[in-house]
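Here is a short tour to read alongside the sequence and the 3D view. Keep both open and follow along topic by topic.

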Amino acid sequence: MFVIGFDGGLFVTSGGGAGLRCQGIDRLGERLATYFSGSDVPAGQILVGAIPFDRSEETVLVAPQRVCRVGRSEGAAILGQMRRAGAPAQPVHVTETPPAPVYADMVNAALARIDGAGAAGLSKVVLSRALRIEMDGPADPVAIAQRLLNDTSVTVFLATLQDDKAIVGATPELLLSRRGLDIVSHPLAGSMPRSPDPVADRAAADALLRSDKDRREHELVVEAVFDTLAPYCAELSARQGTGLRSTATVWHLGTRIEGRLKSEDAPSAAVLAALLHPTPAVGGYPRQDALATIRELETYSRGYYAGAVGWVDEKGDGEWHVSLRCAQIDGRTVTLHAGAGIVAGSDPAAELAETAAKFRAMLGALGLDDGGRLFEDAA
Ligand SMILES: C=C(O[C@@H]1C=C(C(=O)O)C=C[C@H]1O)C(=O)O
């Protein structure tokens, strides 16, 4: 099953199977061209799926048999019918990897590298931490997706990867959409936790708008998106400039970038998304230095967190979102990740608080919004 928010409604697909499993995304364009030229591919077929964070790991694209586009409330009703019957599984135990003090040490280690790197070296790295949640039964991604639909500022997604493995979440970040020659990307970077107190909440938003550190963190992403897309575009601009975006729990700086491709033969939505991925919003800058730092400092594989989820059709149209604020489900185990961009001037305590705010939506959807009972640190 695959679900993704679409024009205020939901795109729900089911059935089907063998689409395309692709070990690494460097040759995704060729693989897609071969797939869509196949004589047994029905007219109008789309592929839906997920790209992992690590470009060399497996991209899963499924060819669904049934696709429907419905409004949000109808989508919620469909999910209600498709979720497992009975009471949803409950969390019984949570492990933090790494524990908060170790995450702060990682931020300090990244800052030391950034400070020592010189002008051409590492200037931003996104470091994440994970919460591993054991449930008292198999977790139901459909029930979780249904609960996430309450926040209308985010794009809900659910992708079944195999048997009882799935990724489900609600992301605020559009990596790339393409309709004909028109493309849009809406990168986010630079964040501040929201507050239930309206005065404190507004103050957080104002502080984010004024923060020099967050502007620098954001600019690196916007420049990378422009640099990647410009060779394919006749026009590319960010007319509205950089502004605030918010989810129910976090403020972000965001820049909507719109472009017009030079020709219909330009790469498809999936291939443009793969070229952009990972932007400095989830990796860092320069890309290779940032990825090497992540490999060294994070002690786990991110899997499909901070990758991309979306769909593509034969004409190259499609929509890909950054897979953030999500849960990776494997039977009874649910793993959440949240990260924060580290640049010169980052404060470890503030970055930790940012990751805590980014966990909040998924914790709420799992029934864990009561201040972290069940939590235990992992070494
Ligand atoms: C890495 C995450 O979010 C990304 C990092 C952001 C930041 O550092 O300010 C903001 C939005 C996302 O691009 C996450 O949600 O886990």
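The notes below go through the sheet, the core, the ligand surroundings and some local backbone features.

Please keep in mind that this is a predicted model. One open sheet has nine strands with antiparallel pairing, and the ligand is surrounded by 18 residues. The largest nonpolar core holds 111 residues.

**The nine-strand sheet**

- Reading across the open sheet, the strand order is 3-5-4-19-20-11-12-17-14.
- The edges are strand 3 (17–23) and strand 14 (233–237); each has a single partner strand, so one side of each lacks a neighbour in the sheet.
- From one strand to the next, the twist averages 15 degrees.
- Helix 1 (residues 28–36) packs on this sheet, where it touches strand 3, strand 5 (58–63) and strand 19 (308–313). The direction of helix 1 makes about 155 degrees with that of strand 3.

**Strand 11 and its partners**

- Strand 11 (residues 174–179) is mostly covered, with five of its six residues buried.
- On one side, strand 11 is joined to strand 20 (residues 318–322) by four bridges, and the two run antiparallel. Here S177 stands opposite E319 of strand 20.
- Strand 11 also pairs with strand 12 in the antiparallel sense, again over four bridges. R179 has D182 in strand 12 as its bridge partner.
- The hairpin of strand 11 and strand 12 has two residues between the strands, and G180 takes a positive phi near 60 degrees there.
- Moving on from strand 12 (residues 182–186), four bridges lead to strand 17 (residues 257–261), which runs antiparallel to strand 12. V184 finds its bridge partner in E258 of strand 17.

**The nonpolar core**

- As background, nonpolar side chains tend to be buried together in soluble globular proteins.
- In the largest nonpolar core, the residues that touch the most other members are V3, L127, V168 and A273.
- Helix 7 (residues 269–276) gives this core its largest share, seven residues.
- Beyond its neighbours within four places in sequence, V168 is in contact with P141, I144, A145, F157, L158, C326, A327 and I329.

**Around the ligand**

- The closest of the surrounding residues are S191, A281, L324, G339 and G341.
- At least two residues of the shell come from each of strand 8 (124–135), strand 13 (188–193) and strand 22 (333–342).
- By type, the shell is made up of nine nonpolar, six polar and three charged residues.

**Backbone features worth a look**

- The peptide bond from T97 to P98 is cis, with omega near -10 degrees. P98 sits in the loop between strand 7 (91–97) and helix 3.
- H277 and P278 are also joined by a cis peptide bond, with omega about -5 degrees. The loop between helix 7 and strand 18 (284–285) contains P278.
- D7 has a positive phi near 45 degrees although it is not glycine. D7 lies in the loop between strand 1 (2–6) and strand 2 (9–14), and it is exposed because 9 other C-beta atoms lie within 10 Å, where exposed requires 12 or fewer.
- R325, another residue other than glycine, has a positive phi near 50 degrees. R325 is in the loop between strand 20 and strand 21 (326–330); it counts as buried because it has 29 C-beta neighbours inside 10 Å, where the cut-off is 20 or more.

**A long-range pair**

- A112 belongs to helix 3 (residues 100–116) and is exposed, with 10 other C-beta atoms within 10 Å.
- A112 and A344 are 232 residues apart in sequence, yet their C-alpha atoms are 9.0 Å apart in space.

How values were computed: Residues numbered from 1 in each chain as written. Predicted model: local features only at pLDDT ≥ 70, side-chain atom pairs only at ≥ 80, totals over all residues. Near = placed C-beta within 6 Å. Nonpolar A, V, L, I, M, F, W, Y, C, P; charged D, E, K, R; others polar. Core = buried A, V, L, I, M, F, W, Y, C linked by C-beta atoms within 7 Å. Contact = placed C-beta atoms within 7 Å. Pairing = 2+ DSSP bridges. Axes fitted to C-alpha atoms, helices over the stretch in contact; angles between N-to-C directions.
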